[in-house]
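Biologist: I'd like a close look at a single part of this chain, taken slowly and with its surroundings filled in. Could you put the model up before I pick the spot?

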Amino acid sequence: MKEIIILIIIIIIVKIFFCCKKSKNSENKVDKSIRDDKFFIPYILSKLEDESLEASVGHELYTYAVRAQFYKECFYTSEFITLIAPAIVVGLNNALEEQDIIIRILVSVFSGLASIASGIAGIVKFKESWVRYRSNCEAVKHELVYYVAKCPPYHHKKQTKNKVKLVQRIYSISRKEEVDWNKLISNNNSPDSG
């Protein structure tokens with residue numbers, strides 16, 4: 001009986017692992033924002049006339065997009081682990097009357113895994129980082145759309161004024177992100193936070 005339960009748990013873990021991996025051929029499983037970013041970012045950057053502007057703005061934009069996706073995946077992975085691992089522990093504890101060494105080891109591993117995932121998520125603040133990077137990515141994309149469409153504040157006849165304005169506004173987004181990050185870190189390290 002206990003071998004069957006352990007086998008079922010292993011099958012569930014393997015199935016979860018393979019279900020969490022994204023299929024290359026399945027477009028509907030790919031995150032919509034990344035799908036949009038893969039096509040939109042190169043398109044909007046190609047509309048910039050200045051190569052150095054395209055390179056610097058592209059670097060900022062890709063940095064925000066990639067980091068947003070990374071933190072999103074970390075957030076969902078940690079949430080998934082903290083949800084599933086305790087459920088497996090409860091199942092292991094209730095499934096068998098006698099507690100042999102394998103069951104005790106599995107209970108310890110899954111309990112530790114849930115605690116570690118929860119602790120790391122709390123310290124690193126995956127969700128906050130994901131939201132911050134995604135909002136910065138969208139802000140830079142909006143600025144680029146306004147610039148390319150020559151909407152205010154990029155409606156000057158002199159293109160150099162528009163370029164300067166774009167660089168200043170993107171730098172202010174980057175600076176705001178830095179200030180927000182420093183606040184998040186200082187709040188995390190302050191004596192009142194714990």
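Where is the place of P153? Start from there and work outwards through whatever packs and pairs around that part of the chain.

Modeller: Keep in mind that this is a predicted model. P153 sits in the loop between α5 and α6. The peptide bond that joins P152 and P153 is cis, with omega about 10°. K150 lies in that loop as well. Right where α5 ends, K150 follows, and its phi is positive, near 60°, in a residue other than glycine. At 43% relative accessibility, K150 counts as partly exposed, because buried would need under 20% and exposed over 50%. There's a counterpart in the loop between α4 and α5, where K125 lies: phi of K125 is also a positive value near 60°.

Now the helix that leads into our loop. α5 has 24 residues, so at 1.5 Å a residue it should span 34 Å, and its end C-alpha atoms are indeed 34 Å apart. For the wider setting, the chain has six helices and zero strands, and buried residues make up 30% of its 194 residues.

On to the packing. The largest nonpolar core has 25 residues, and L48, V57, V140, L144 and L166 touch the most other members. Helices α2 (32-46), α3 (51-95), α5 (126-149) and α6 (159-189) each supply at least two residues of this core, with the largest share, nine residues, coming from α3. L166 is a handy one to click on: leaving aside neighbours within four places in sequence, L166 is in contact with L48, L53, E143, L144, Y147 and Y154. Apart from that core lies another, of eight residues, among them L92, V107, F110 and A114.

Then the charges. Side chains of opposite charge can pair when their charged atoms come close. The count here comes to nine salt bridges. One of them is between R169 and E143, at 2.8 Å from N to O. R169 is in helix α6 and E143 in helix α5, so this pair ties together parts that are 26 residues apart in sequence. R169 is partly exposed, with a relative accessible area of 31%, whereas E143 counts as buried at 8%.

Another bridge joins the side chains of K141 and D37, at 2.7 Å from N to O. That pair links distant parts of the chain, K141 in helix α5 and D37 in helix α2, 104 residues apart. K141 counts as buried at 9% relative accessibility, and D37 is buried too, with a relative accessible area of 4%. Both belong to a network of salt bridges that links D37, R134, E138 and K141.

For a local pair, look at R175 and E178, whose closest N and O atoms are 3.0 Å apart. They are three residues apart in helix α6, so about one helical turn separates them. R175 is partly exposed at 38% relative accessibility, and E178 is partly exposed at 39%.

Last, a look at the surface: I101, I102, I105 and V109 form a nonpolar patch there, with about 360 Å² of accessible area together. I105, which lies in helix α4 (residues 101-124), is partly exposed, with a relative accessible area of 47%.

Methods:
Residues numbered from 1 in each chain as written. Predicted model: local features only at pLDDT ≥ 70, side-chain atom pairs only at ≥ 80, totals over all residues. Heavy atoms only, no water. Core = buried A, V, L, I, M, F, W, Y, C linked by side-chain atoms within 4.5 Å. Buried < 20%, exposed > 50% of the residue type's maximum accessible area, 1.4 Å probe, protein only. Helix = DSSP H or I, 4+ residues; strand = E, 2+ residues; numbered from the N terminus. Contact = heavy atoms within 4.5 Å. Patch = residues over 30% accessible without salt bridge, like charges linked within 9 Å, V, L, I, M, F, W, Y side chains within 5 Å. Areas by Shrake-Rupley, 256 points an atom, 1.4 Å probe, with all protein chains shown as cover. Salt bridge = Lys/Arg side-chain N within 4 Å of Asp/Glu carboxyl O. Expected span 1.5 Å × (residues − 1).
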